[in-house]
Amino acid sequence: MANFSKTRKWENRTTYFLLSILFLICSSTSLLRLASAAPLLIEPRFNQVSTLQGLSQDTIQDLLIDRDGFLWLATLSGLNRYDGYRMAQFEGVNLELADAPIEALFQDSAGFLWIATQNAGVYRLDLLTQQLEKIVPEFAGPESEQNYFVTQIVEGASGKIYLNMQHALLQYD
């Protein structure tokens with residue numbers, strides 16, 4: 001019996017020693033990985049984009065990066081798309097969005113770009129075909145108030161689109 005207990009003590013000490021060594025190796029490997037991690041950009045570069053570079057207006061209401069990596073900018077004078085090099089204004093085939101104050105942007109799970117304007121309603125843009133469809137007409141409030149407009153667009157788990165207005169919530173199926 002005495003030999004058995006001595007063997008168990010030796011096995012426990014060996015096990016603890018090996019686990020301690022393993023812990024130190026894992027810890028030092030993680031620390032080395034953290035210490036050698038370098039930033040992706042050593043000197044980040046910022047470019048200013050304004051009307052001088054083709055932006056339709058300098059007041060930006062909303063930003064969206066679509067699935068293809070384009071940056072969409074909602075301004076008080078229209079919708080712009082920036083590819084990192086050039087700015088392009090999107091006005092629609094019939095100039096529906098030309099100089100329209102854009103309030104909010106959203107890309108849904110189907111890939112459509114939703115565009116909420118302050119005075120021309122809500123549009124849905126098919127980014128593949130560039131077809132623009134008016135989804136919600138403009139809303140005129142009581143004479144004592146300004147026009148109602150959509151300030152935020154979200155998609156529910158069921159795929160329904162919710163439009164948050166100043167004084168109402170709309171659901172689009």
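The chat below goes through two sheets in a predicted model.

Biologist: Let's start with strands 1, 2, 3 and 4: what sort of sheet do they form, and in what order?
Modeller: In this predicted model, those four strands form an open sheet in the order 1-2-3-4, and the pairing is antiparallel.

Biologist: Which strands stand at the edges there, and why is one side of each left without a neighbour?
Modeller: Strand 1, residues 60-65, and strand 4, residues 87-90, stand at the edges, and because each has a single partner strand, one side of each has no neighbour in the sheet.

Biologist: How much are neighbouring strands turned against each other?
Modeller: On average, neighbouring strands of this sheet are turned by 25° against each other, with direction ignored.

Biologist: And over how many bridges do strand 3 and strand 4 pair?
Modeller: Strand 3, which covers residues 78-82, pairs with strand 4 over four bridges in the antiparallel sense, and Y82 has M87 in strand 4 as its bridge partner.

Biologist: Switching to strands 9, 10 and 11, what do they form?
Modeller: Those three strands form an open sheet in the order 9-10-11, with antiparallel pairing. Strand 9 (150-155) and strand 11 (169-172) are at the edges, and each has a single partner strand, so one side of each lacks a neighbour in the sheet. Neighbouring strands here are turned by 20° against each other on average, again ignoring direction.

Biologist: How many bridges are there between strand 9 and strand 10, and what stands opposite I153?
Modeller: Strand 9 and strand 10, the latter being residues 161-165, pair over five bridges in the antiparallel sense, and the residue opposite I153 is L163 in strand 10.

Terms used: Residues numbered from 1 in each chain as written. Predicted model: local features only at pLDDT ≥ 70, side-chain atom pairs only at ≥ 80, totals over all residues. Heavy atoms only, no water. Pairing = 2+ DSSP bridges. Helix = DSSP H or I, 4+ residues; strand = E, 2+ residues; numbered from the N terminus. Axes fitted to C-alpha atoms, helices over the stretch in contact; angles between N-to-C directions.
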